[in-house]
Amino acid sequence: MYKVNEIFETIQGEASFTGVPSIFLRLQGCPVGCAWCDTKQTWETNDTYLVTLGETVEKKADSEKWANASIDDIINLFKERGYLAKHVVITGGEPCMYDLVPLCEQLHEAGYTTQIETSGTFEILAPESTWVTVSPKINMRGGYDVLTSAMLRANEIKHPIAMQKHVDELEALFEQTGVRPELIYLQPISQKAKATKLAIETCLKKNWRLSVQVHKYIGIN
């Protein structure tokens, strides 16, 4: 069973899959404690907020409501809702708190591709064919370290930045782990002008890539 905060169909707005029609499967639970997190409603799994899976789809706003769901429940819901997207983004919360191998394998068998968005602070249990986006959460309140194994598994790095300190922390992580993935995206936090300028300048300097959260610019989830 997986704890599901919400499910919705949209356009992926970040990193390598920008523009791809996607079904987002947001799982509940995260102890990492990022100060700028925009999904804090996923942090706790309080039974007070336990609802049916259908109710997680019908949310009109972010909430702490979550549902227990089997893999069959999740795939059947995709079909019942008439979702046409064939790319599933498993996010959170911190999705790698769960063993995602059974979920991803059944999604693949059902004709979907899969992507995981993770902080890199938990072991990544997923098939090789699953695309892994590591957004390394460094020195966060929860006290979790970014794992070398997660960095090695990453297909891309997507790193939120607001100031030079965040760029320096990423470089230090590369040195510490000895891992520097080929695809490195910088994402300005909250689309702020200063952060965006820094991200652009750094990408030009280091030949990295820019991720600008396209969905927020065009006003979709």
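Biologist: In which loop is the place of Gly 93?

Modeller: This is a predicted model. In it, the peptide bond from Gly 92 to Gly 93 is cis, with omega near 15 degrees. Most peptide bonds are trans. The place of Gly 93 is in the loop between strand S4 (87–91) and helix H3 (101–109).

Biologist: Which residue in the loop between S1 and S2 has a positive phi, and is that residue buried or exposed?

Modeller: Most residues other than glycine have a negative phi. Ala 15 lies in the loop between S1 and S2, and its phi is near 60 degrees. The cut-off for buried is under 20% relative accessible area. At 7% relative accessibility, Ala 15 is therefore buried.

Biologist: Is Asn 139 buried or exposed?

Modeller: Asn 139 is found in the loop between S6 and H4. Asn 139 has a positive phi of about 60 degrees, although it is not a glycine. Its relative accessibility is 63%, so Asn 139 counts as exposed.

Biologist: How many helices and strands does the protein chain have?

Modeller: The C-alpha atoms of the protein chain fill a box of roughly 50 × 35 × 35 Å along the principal axes. Within the chain, the secondary structure comes to 7 helices and 9 strands.

Biologist: Why is the protein chain said to be as compact as a globular protein of that length?

Modeller: Buried residues make up 54% of the 221 residues. Among contacts with a separation of 6 or more, 62% join residues 24 or more positions apart. For 221 residues the globule rule gives 17 Å, and the chain is as compact as a globular protein of that length because its radius of gyration is close to that value, at 17 Å.

Biologist: Which helix gives the largest share of the largest nonpolar core?

Modeller: That core has 50 residues, and Ile 7, Leu 25, Phe 78, Ile 90, Leu 100 and Leu 103 touch the most other members. The largest share is 5 residues, and these come from helix H2 (residues 71–80).

Biologist: Which residues does Leu 103 touch, not counting residues up to four places away in sequence?

Modeller: Leu 103 is one of the residues that touch the most other members of the largest nonpolar core. With residues up to four places away in sequence left out, Leu 103 touches Tyr 2, Leu 25, Ile 71, Ile 74 and Ile 90.

Biologist: How many residues are in the second, separate core?

Modeller: The members of this core include Val 32, Cys 34, Trp 43 and Met 140. The second core has 6 residues.

Biologist: Why is Cys 30 not bonded to Cys 34, and how many disulfides does a search of the whole structure find?

Modeller: A disulfide needs cysteine sulfur atoms within 2.5 Å. The closest cysteine sulfur to that of Cys 30 is in Cys 34, and the 6.2 Å between them is too far for a bond. For Cys 37 the nearest cysteine sulfur, again that of Cys 34, is 6.0 Å away. The number of disulfides in the whole structure is 0.

Biologist: How are the rings of Phe 17 and Trp 131 paired, and how many residues apart in sequence are the parts that the pair ties together?

Modeller: The count of aromatic pairs comes to 7. The ring centres of Phe 17 and Trp 131 are 5.4 Å apart and the planes are at 85 degrees, so this pair is edge-to-face. Phe 17 lies in the loop between strand S1 (2–11) and strand S2 (21–27), and Trp 131 is in strand S6 (residues 131–134), so the parts tied together are separated in sequence by 114 residues.

Biologist: Which residues form one aromatic cluster with Phe 78?

Modeller: The rings of Phe 78 and Tyr 83 have their centres 6.1 Å apart and planes at 50 degrees, so the pair is tilted. Both residues are buried. The cluster joins Phe 78 with Tyr 83 and Tyr 112.

Biologist: Which lysine lies over the face of Tyr 112?

Modeller: Tyr 112 belongs to an aromatic cluster with Phe 78 and Tyr 83. At 4.7 Å from the ring centre of Tyr 112 lies Lys 86.

Biologist: Which residues is Leu 147 in contact with, leaving aside its neighbours within four places in sequence?

Modeller: Leu 147 is found in the loop between S6 and helix H4 (148–153). Its C-alpha is 5.6 Å from that of Thr 121, although the two are 26 residues apart in sequence. The contacts of Leu 147 are Gly 120, Thr 121, Phe 122 and Glu 123.

Methods: Residues numbered from 1 in each chain as written. Predicted model: local features only at pLDDT ≥ 70, side-chain atom pairs only at ≥ 80, totals over all residues. Heavy atoms only, no water. Phe/Tyr/Trp six-rings, centres within 6.5 Å; stacked < 30°, edge-to-face > 60°. Helix = DSSP H or I, 4+ residues; strand = E, 2+ residues; numbered from the N terminus. Buried < 20%, exposed > 50% of the residue type's maximum accessible area, 1.4 Å probe, protein only. Lys NZ or Arg CZ within 6 Å of the ring centre and 35° of its normal. Core = buried A, V, L, I, M, F, W, Y, C linked by side-chain atoms within 4.5 Å. Contact = heavy atoms within 4.5 Å. Rg over C-alpha atoms; globule rule 2.2 N^0.38 Å.
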